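Visitor: I've got the structure open at the bench and would like a quick tour. Where do we begin?

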Amino acid sequence: MKFSTIADKIQITAASSLTTDPSHDPEIAGVAAVDQASTGTLSYIEGDKFAAFVAKTQASALILPQNPTMQAQATERGLAWLSTSDPRLAFARAIALFYTPYQPGPGIHPSAVVDPTAVCGERVSIGANAVIQAGVRLGDGVCVHPNVVVYPEVQVGDRTVLHANCTVHERAQIGADCAIHSGAVIGAEGFGFVPTAQGWEKMEQSGIVVIEDGVRIGSNTTIDRPAVGTTRIGRGTKLDNLVHIAHGCQVGEGVVMAAQVGMAGGVIVGNRVILAGQVGIANQAKIGDGAIATAKTGIHSDVAPGETVAGSPALPYKVFLKASAVYRRLPDMYKTFQQLQKRLP
């Protein structure tokens with residue numbers, strides 16, 4: 001594919017070496033990381049942190065930030081380039097020009113078990129040993145990979161992909177254009193037990209899980225159904241691998257959670273929240289719109305909209321940085337304290 005074609009297709013090019021030298025339009029055979037690129041590949045520089053790679057990458061073309069110095073350096077090396085305000089987004093679109101994820105054609109594998117009451121839309125694919133139980137409704141273009149189990153009365157929206165070995169429990173509702181990755185469990189019963197004099201008595205989990213459109217759920221992530229009502233994941237939210245969403249949680253739209261985030265029951269997460277790896281959220285906490293929690297944050301109480309928190313228990317980020325600076329000085333402070341103690345009568 002010609003570099004000029006790529007520049008046109010990614011749609012966010014602000015400037016390009018093609019403007020001054022349209023004849024230098026290399027053939028691009030693929031994409032690569034900037035430190036592993038070779039002749040015939042396209043790579044990108046996200047920002048100043050990686051600027052040194054402009055001088056040494058073996059790529060034939062680069063996606064650059066709007067930085068005249070980098071652009072001039074690439075030109076001097078004879079590299080084709082385009083610039084944009086968001087090089088990472090441009091590179092993501094370039095990858096999509098060269099790679100299409102595997103998806104089998106429509107049809108039902110002979111070893112799949114599909115209940116006669118299940119309803120399948122057009123162009124549905126059901127893989128080997130998959131089990132589709134009574135009353136399931138699969139929308140148009142749904143892809144069910146091998147060994148998936150879909151319990152009764154589940155609804156799956158158009159073009160959603162259920163990857164191998166994931167499980168969707170009874171009555172769950174999954175929207176359109178979702179992806180549920182391998183090992184994920186959607187709608188298993190929540191952890192509900194009532195203490196009695198004789199021990200823990202089970203509270204049946206009669207609710208459902210609702211996953212709205214455009215949600216992506218990583219491998220081995222679990223989303224539990226509640227005793228009553230719904231556990232809901234909002235439109236466009238993205239969950240990494242090994243995330244746990246407990247019973248009755250309400251997660252807003254456009255939320256991003258990294259691996260090993262865990263939340264207890266009844267947590268409410270607003271829209272566009274970012275939770276970094278291993279964030280833990282206590283029962284019934286509320287996280288406001290646009291809030292950010294850094295890695296390993298332990299959230300025990302509400303977080304205001306737009307606030308960034310860190311540490312355990314969670315502190316406002318600026319307070320956390322000040323506390324961390326003090327913590328590093330504790331050995332010296334303790335020595336000073338001991339010296340002052342010795343001077344006391």
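Guide: With some vocabulary: contact, or touching, means heavy atoms within 4.5 Å. Helices (H or I, at least four residues) and strands (E, at least two) are DSSP runs, numbered from the N terminus. This is a predicted model, where local features need pLDDT of at least 70 and side-chain atom pairs count only at pLDDT 80 or more, while totals for chains, interfaces and linings use all residues. Residues are numbered from 1 along each chain as its sequence is written, and side-chain values use heavy atoms, with hydrogens and water left out.

Visitor: How many helices and strands does the secondary structure come to?
Guide: Count the DSSP runs along the protein, and the secondary structure comes to 5 helices and 38 strands.
The C-alpha trace spans about 90 × 80 × 30 Å along its principal axes. To restate the tally, it is 5 helices and 38 strands.

Visitor: What is the radius of gyration of the protein?
Guide: Taken over C-alpha atoms, it is compared with the globule rule, 2.2 Å times the number of residues to the power 0.38. For 345 residues that rule gives 20 Å, and the protein is well over it, so it is more spread out than a compact globule. The radius of gyration is 26 Å.

Visitor: Which residues of helix 1 are buried?
Guide: Buried means under 20% relative accessible area, exposed over 50%, and partly exposed in between (1.4 Å probe, protein chains only). Seen from the helix 1 axis, using directions to the C-beta atoms, the buried residues fall within an arc of 100°, so they line one face of the helix. Helix 1 covers residues 3-10, and its buried residues are F3, I6, A7 and I10.

Visitor: What covers the buried residues of helix 1?
Guide: Look for what is in contact with those residues, and you'll find several strands plus another helix, among them strand 1 (15-16) and strand 3 (41-44). The cover also includes strand 4 (61-64), strand 5 (80-83) and helix 3 (87-98).

Visitor: Which strands are the edge strands of the open sheet of 12 strands?
Guide: Two strands pair if DSSP finds at least two bridges between them. The sheet has mixed pairing and runs in the order 6-9-12-15-18-23-26-29-32-35-37-38. Each edge strand pairs on one side only, and these are strand 6 (107-108) and strand 38 (315-316).

Visitor: Which residue in strand 26 stands opposite I217?
Guide: Strand 23 (residues 216-217) and strand 26 (residues 238-239) run parallel and are joined by 2 bridges. Across from I217 in strand 26 stands L239.

Visitor: Which residues of the largest nonpolar core touch the most other members?
Guide: A nonpolar core is a set of buried Ala, Val, Leu, Ile, Met, Phe, Trp, Tyr and Cys residues joined through side-chain atoms within 4.5 Å. The largest one has 52 residues, and those that touch the most other members are L162, I211, M257 and M263.

Visitor: How many residues are in the other core?
Guide: Apart from the largest core, of 52 residues, lies another, with F3, Y44, I63 and L82 among its members. Its number of residues is 15.

Visitor: T160: buried or exposed?
Guide: T160 sits in the loop between strand 14 (155-156) and strand 15 (161-162). Its contacts, not counting residues up to four places away in sequence, include C143, I174 and G175. With a relative accessible area of 0%, T160 is buried.

Visitor: How far apart in space are H181 and I217?
Guide: H181 lies in the loop between strand 18 (179-180) and strand 19 (185-189). H181 touches I217, although the two are 36 residues apart in sequence. C-alpha to C-alpha, the distance is 6.0 Å.

Visitor: What is the phi of D177?
Guide: D177 lies in the loop between strand 17 (173-174) and strand 18, and is partly exposed, at 38% relative accessible area. Although D177 is not a glycine, its phi is positive, about 60°.

Visitor: Which peptide bond is cis?
Guide: Go to the loop between strand 37 (308-310) and strand 38, where P313 lies. With omega near 0°, the cis bond is the one from S312 to P313.
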